[in-house]
Amino acid sequence: MARFSKFCTVKCCSHWAKPVLFKKRISQPKGALHVSASSEKKILIMGGTRFIGIFLSRLLVKEGHKVTLFTRGKAPIAQQLPGESDEDFSDFSSKILHLKGDRKDYDFVKSSLSAEGFDVVYDINGREAEEVAPILDALPNLEQYIYCSSAGVYLKSDLLPHFEKDAVDPKSRHKGKLETESLLASRDVNWTSIRPVYIYGPLNYNPVEEWFFHRLKAGRPIPVPNSGVQITQLGHVKDLATAFIQVLGNEKASREIFNISGEKYVTFDGLARACAKAGGFPEPEIVHYNPKEFDFGKKKAFPFRDQHFFASVDKAKSVLGWKPEFDLVEGLTDSYNLDFGRGTFRKEADFSTDDIILGKSLVLQS
């Protein structure tokens, strides 16, 4: 039997939320979007207690939807965001629902989801196609399946930025997400897939901006591989959450894929300087090194892939009318002020690989 209980979770500022409009259609082709006249939806979020899901669930409840988080219950559901009022936190906690279970327990997934019935599923933590099939089987009348994929599925190319129709890499470490997209496309279900690039923002569990902030706070040089002019791209978590809201009930998002990230690209060196500016630190000392000259074992010496990696967000802007609120420095400042700057972060500083790099005499000069 599915076990439901009301739990509290967290809230983000609502100023970046946009209204969701729903229209009733008379007839639909197979697999097309069907939206009922009522704007209130019964929504299931697979995950929802970390980072993206935290901000997304808050927006959905603010929009008036009935939201259930499906998690294993190992992470606390209740968490109050920095700067959030007790009143707002209490209001949200009185409305959010929790379904405890393991998504890899496929029999439980089928029985609990079919018993409840949901209009929309947001799959935030799905990694493999086999984890998605039971959800689709359990909800034959599902209106929309919204999936969090990754821009990491694209095949490495000399021609950038990546567009949604570009070649993909079936051998990438995100191949499970690629296979999930293929499964969704093969099924009689309305789906939308979002492909973020690098995500940053408050509560980020990946050491993206936090990696730089640790070094800046300690007054240490920032080791950057090779020339430092490698171009990458970051998108703020709140802008990503807004994109997830804008595809909900949107006919233009039916069976479509959208890249979501910041509008501008940035070099590795530029990112180091942007993080310093966001946190109010002095201009950082940047040390370039050749990664091939070092053996770091299983440790990761730098938080980004050592290559150009960025994607076009033009489709999301033109089709959805989505536009990111934050530029890079503004977004990093938001992240710093609401998280690292308050003394909170996910991982302790580890400068062991830095010390190996800085201790080597043959270092490329910046």
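Select Asn226 to begin: at 26% relative accessibility, this residue counts as partly exposed. Keep in mind as you go that you are looking at a predicted model. Asn226 sits in the loop that joins β9 (222-225) to β10 (231-232). Check its backbone while you are there, because most residues other than glycine have a negative phi. Asn226 has a positive one, near 55°.

**A second positive phi**

Now move to Leu203. Here too the residue is not a glycine, yet phi is positive, at about 75°. You will find Leu203 in the loop between β8 (198-200) and α6. Is Leu203 buried or exposed? Its relative accessible area is 13%, and a residue under 20% counts as buried, so Leu203 is buried.

**The loop between β6 and α5**

Next, display the loop that runs between β6 (144-148) and α5 (175-186), where Pro161 has its place. Turn to the peptide bond that leads from Leu160 into Pro161: it is cis, with omega near 5°. It deserves a pause because most peptide bonds are trans.

Stay in this loop between β6 and α5 and select Asp166, which is found there as well. With a relative accessible area of 27%, Asp166 is partly exposed. Which residues does Asp166 contact, once its neighbours within four places in sequence are left aside? They are Tyr154 and Pro161, the latter being the residue that follows the cis bond. If you like, draw a distance from the C-alpha of Asp166 to that of Leu155: the two are 7.8 Å apart in space and 11 residues apart in sequence.

**α6 against α8**

Time for the helices. Select α6 (residues 209-217) together with α8 (residues 268-279), whose axes lie 10 Å apart at an angle of about 65°. The two helices are therefore roughly perpendicular to each other. Viewed as a crossing, α6 passes α8 in a right-handed manner. Show side chains to see who meets whom: from α6 come Glu209, Phe212, Phe213 and Leu216, and from α8 come Leu271, Ala272, Cys275 and Ala276. Coloured by class, this contact of α6 with α8 shows seven nonpolar residues, one charged residue and no polar ones.

**α8 against α10**

Keep α8 on screen and add α10 (residues 328-338). What is the angle at which α8 and α10 pack? It is about 55°, and the axes of the two helices are 8 Å apart. That angle makes α8 oblique to α10. The crossing of α8 and α10 is right-handed. On the α8 side, the contact is made by Leu271, Ala274, Cys275, Lys277, Ala278 and Gly279; on the α10 side, by Leu328, Val329, Leu332, Thr333 and Tyr336. Eight of the residues in this contact of α8 with α10 are nonpolar, two are polar and one is charged. Leu271 and Cys275 are worth labelling: both take part in the contact with α6 and in the contact with α10.

**α1 against α7**

For another helix pair, select α1 (residues 52-62) and α7 (residues 237-247). Their axes are 9 Å apart, and the packing angle is about 50°. α1 and α7 are therefore oblique to each other. α1 passes α7 in a right-handed crossing. The residues to show in α1 are Ile52, Phe55, Leu56, Leu59 and Leu60. Facing them from α7 are Val237, Lys238, Leu240, Ala241, Thr242, Phe244 and Ile245. By class, the contact of α1 with α7 has 10 nonpolar residues, one polar and one charged.

**Zooming out**

Finally, bring back the whole chain. How many helices and strands does the chain have? There are 11 helices and 14 strands. Of its 366 residues, 55% count as buried. Among contacts with a separation of 6 or more, 83% join residues 24 or more positions apart.

Colour by pLDDT for the last view. The mean over the chain is 89, and 88% of the residues reach 70 or more. Select residues 1-38, where pLDDT stays under 50; the model has 109 contacts beyond four places in sequence for this stretch. Then go to residues 361-366, where pLDDT is also below 50 and the model has 10 contacts beyond near neighbours in sequence.

Note on methods
Residues are numbered from 1 along each chain as its sequence is written. This is a predicted model: local features need pLDDT of at least 70, side-chain atom pairs count only at pLDDT 80 or more; totals for chains, interfaces and linings use all residues. Side-chain values use heavy atoms; hydrogens and water are left out. Axes are lines fitted to C-alpha atoms, for helices over the stretch in contact, and angles run from 0 to 180 degrees between N-to-C directions. Helices (H or I, at least four residues) and strands (E, at least two) are DSSP runs, numbered from the N terminus. Angles under 35 degrees count as roughly parallel, over 145 as roughly antiparallel, 65 to 115 as roughly perpendicular and the rest as oblique. A crossing is left-handed if the near helix is turned anticlockwise from the far one by less than a right angle, and right-handed if clockwise. Contact means heavy atoms within 4.5 Å. Ala, Val, Leu, Ile, Met, Phe, Trp, Tyr, Cys and Pro count as nonpolar, Asp, Glu, Lys and Arg as charged, and the others, Gly among them, as polar. Buried means under 20% relative accessible area, exposed over 50%, partly exposed in between (1.4 Å probe, protein chains only). pLDDT is the predictor's confidence in each residue, from 0 to 100.
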